[in-house]
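Reader: I've got a structure open and I'd like to know what stands behind the labels people put on it. Can we go through it together?

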Amino acid sequence: MVEFVKDIVARRDLLSMLVVRNIKIRYKESALGFLWTLLGPVFLIAIYAVFMKIIMKFPMPMTVLVSGIFVWQYLAMCLGDSSFAIIGNANLVKKACFPRVLLPFSIVLANFVNFLLSLLVMVVYLLFNGPCFGGIAWLPLAMLAHLALCTGVSLALCALNVFFRDVQHLTGIFTMAWFFLTPVVYDISMIAPITAHHPVLGQLYFLNPMAGILALYRAALLGSPLPDASLVALSVGVAAVVCAVGVMVFQKLQTRFADEL
Amino acid sequence: MSDIAIQVEGVGKRFRLRNAGGRTLKSMVMDWIRTPGGDRDLWALKDVNFTVARGTTLGLIGANGAGKSTLLALLAGTMMPSEGRIMTSGVISSLLELGAGFHPDLTGRENVFLAGAIMGLTREQMNRRFDAILEFADIGRFIDQPVKHYSSGMYVRLGFAVAVEVDPEILLVDEVLAVGDASFQRKCLRRMAEFREQKKTMLIISHDLNTIQSVSDRILFLDHGRVLGEGEPGKVIGQYESFSRSQAGGERRREWGTREVVLSGTEFFDDRGEATTKFAWDQPLNVRIRYDVNTPVGPSTFGFGISDEEGRLVHGSNTEIEKVAIPALSGPGSVVLRIPRLNLARGTYFFSFSVHSADHKVNYHRLDNAFAIGVESEKKFEGICYLPSEWTVG
């Protein structure tokens, strides 16, 4: 972990250039460019709105759906990109010497920049829908835990994918399962009846760090009531552990990257 | 600062061999079920020891797969040794591959700054060097075009320019001089000569023995991951040449035919009748080709060919072209081929011999690239063949 922070501080020039490179490349030669960062979630929101609200008659405010999809989108982008962070730069890894951790971390940060911009758009949208930013103080914690989680998961995935290409195939399925285990297209209050009867299930549910992180975002942006503090702390704690484990897995495996590629 | 730029102690590098498909969960499970065996390991390098004094150039030679590139990768830090220690002092720049890490969608300018950052330079340091890079690469306004639109020449020029303008203390060069056109190669060689004058340390891999002899202070000769020779360039290159001759033939050697007549042996000898496989470029070469006859055949033709190390045919001819009639063959015998003057550049060459029917319909026996000879030459002419030429003034 110390190594990780040292590498990032020492090579911040390179890190920032890689972040800029990743952002540039993502939208290179697409007519709509950055707009795709917004259009992706917007289409998803439209699909879920039609399906859940109109067809299934699921009672859910649009603001919950919008915040859920936009927040989820950041993790989903990291999960999708990170498998290729090392194998997609095989030539660089084999032929040049620099801290390899910058490759996945620059992707996490580039996606974070995209996320910040989409967050701005979301805030503007919320302003038109009865803003309630009473819990805004929770936002920094939500973002920090979110960033830590994305970093840990991305580092572990990109390192493991060098050795087992199965990882990139599993990631898609895993992402889907994670999506529904997380209160993205529903609100945490909807599962409250279940967890009230079985507190253990509630704790299990919040072992998913995204559950607590999303609760923090919604508290910050929608003024939703925060679930029990210990449950949120559990989620944030798991996010921190995932981050540390991801960094450790990466540091352990990186010495063998060039051999495997 | 110590006088030693690079010190390599007992270094070994082991690779795990596995099936072409790469590691999958399935192969992992299979590995786990099978008892682990050392036979799947390959030592690409073993017991490698050497030091490079500051300001000197070490040339690495050896056949493909000898471990040269692995050694440079270990020195560059992209791979870790499996055993032993490597100590380097000074900023290292590696030309393991020109333009490695260039992203096709980014412009030349963006890639130059990115490459600089990868090598550890700050933006200001790169700003100061940018004009020199642009001048050396000589690609003009293309610098602001995505590199995917570059010709391969422009690509390698820009790659080389970045690496050398970074101004490293230690430069690792892997066979990159083989790319680019002649004028670019001259430019690179000039640039490397400047490096030597500036007392930089260099490690160079090249298959071009003439070039490597002229730029190196010392040579390290590797084979199958082991150091077989180290020292003064002329001596080690000679050792390498005779070694590769003794090994040669094996790789490109091919043999086929209907075997009515079989080429049973060859003897190379000089004009004094002494057996040798080493010839001076301007001296005669004799070779006696023995044959056995399994089934008597009619009028036949004996042929030969000489190829260089790259597999290029230098010359080929036969008894028919030279208007020598070979009568029907009914019992063992021999023919002698004499080349009055070789006229070949220094290097290793491979002889092929054949015997076939005079009408070319039946190929009795053919041995391709089966016999290696070494040619030594003091005369420095270009190309692989010497054409006697005369100059007059006025």
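**Labels and the values behind them**

Author: Let's start with chain A, whose secondary structure comes to 14 helices and zero strands. Bear in mind that this is a predicted model.

Reader: How do the elements of chain A run from the N terminus on?

Author: They go α-α-α-α-α-α-α-α-α-α-α-α-α-α.

Reader: How do you know whether the radius of gyration of chain A agrees with that of a compact globule?

Author: Set the value against the rule, 2.2 Å times the number of residues to the power 0.38. For 261 residues that gives a radius near 18 Å, and chain A has 19 Å, so the value agrees with a compact globule. Along the principal axes, the C-alpha atoms fill a box of roughly 55 × 45 × 35 Å.

Reader: On to helix pairs. What makes α3(A) oblique to α7(A)?

Author: The axes of α3(A), residues 35-55, and α7(A), residues 102-127, cross at roughly 60 degrees. Angles under 35 degrees count as roughly parallel and 65 to 115 as roughly perpendicular, so an angle between those ranges is oblique. That's why α3(A) is called oblique to α7(A). The two axes come within 9 Å, and the crossing is right-handed.

Reader: Which residues make that contact?

Author: From α3(A) it's A:Thr37, A:Leu38 and A:Pro41, and from α7(A) it's A:Asn114, A:Leu117, A:Ser118 and A:Val121. By class, that's four nonpolar, three polar and no charged residues.

Reader: And why are α7(A) and α8(A) called oblique to each other?

Author: Helix α8(A) covers residues 139-163, and its axis crosses that of α7(A) at roughly 140 degrees. Roughly antiparallel needs an angle over 145, and roughly perpendicular ends at 115, so oblique is what's left. Hence α7(A) and α8(A) are oblique to each other. Their axes come within 9 Å, and α7(A) passes α8(A) in a right-handed crossing.

Reader: What classes do the residues of the contact of α7(A) with α8(A) divide into?

Author: Nine nonpolar, two polar and no charged. Among them are A:Phe105, A:Ile107 and A:Phe112 of α7(A), along with A:Leu147, A:Cys150 and A:Leu155 of α8(A).

Reader: What about chain B: which domains is it divided into?

Author: Domain 1 is 4-247 and domain 2 is 256-376. Their centres, taken over C-alpha atoms, are 40 Å apart.

Reader: How many residues of the two domains of chain B are in contact?

Author: Four residues of domain 1 touch four of domain 2, both in chain B. The domain 1 side has no nonpolar, two polar and two charged residues.

Key: Residues numbered from 1 in each chain as written. Chains lettered and ligands numbered in written order. Predicted model: local features only at pLDDT ≥ 70, side-chain atom pairs only at ≥ 80, totals over all residues. Domains from an automatic or database assignment. Contact = placed C-beta atoms within 7 Å. Nonpolar A, V, L, I, M, F, W, Y, C, P; charged D, E, K, R; others polar. Axes fitted to C-alpha atoms, helices over the stretch in contact; angles between N-to-C directions. Helix = DSSP H or I, 4+ residues; strand = E, 2+ residues; numbered from the N terminus. Left-handed = near helix turned anticlockwise from the far one by under 90°.
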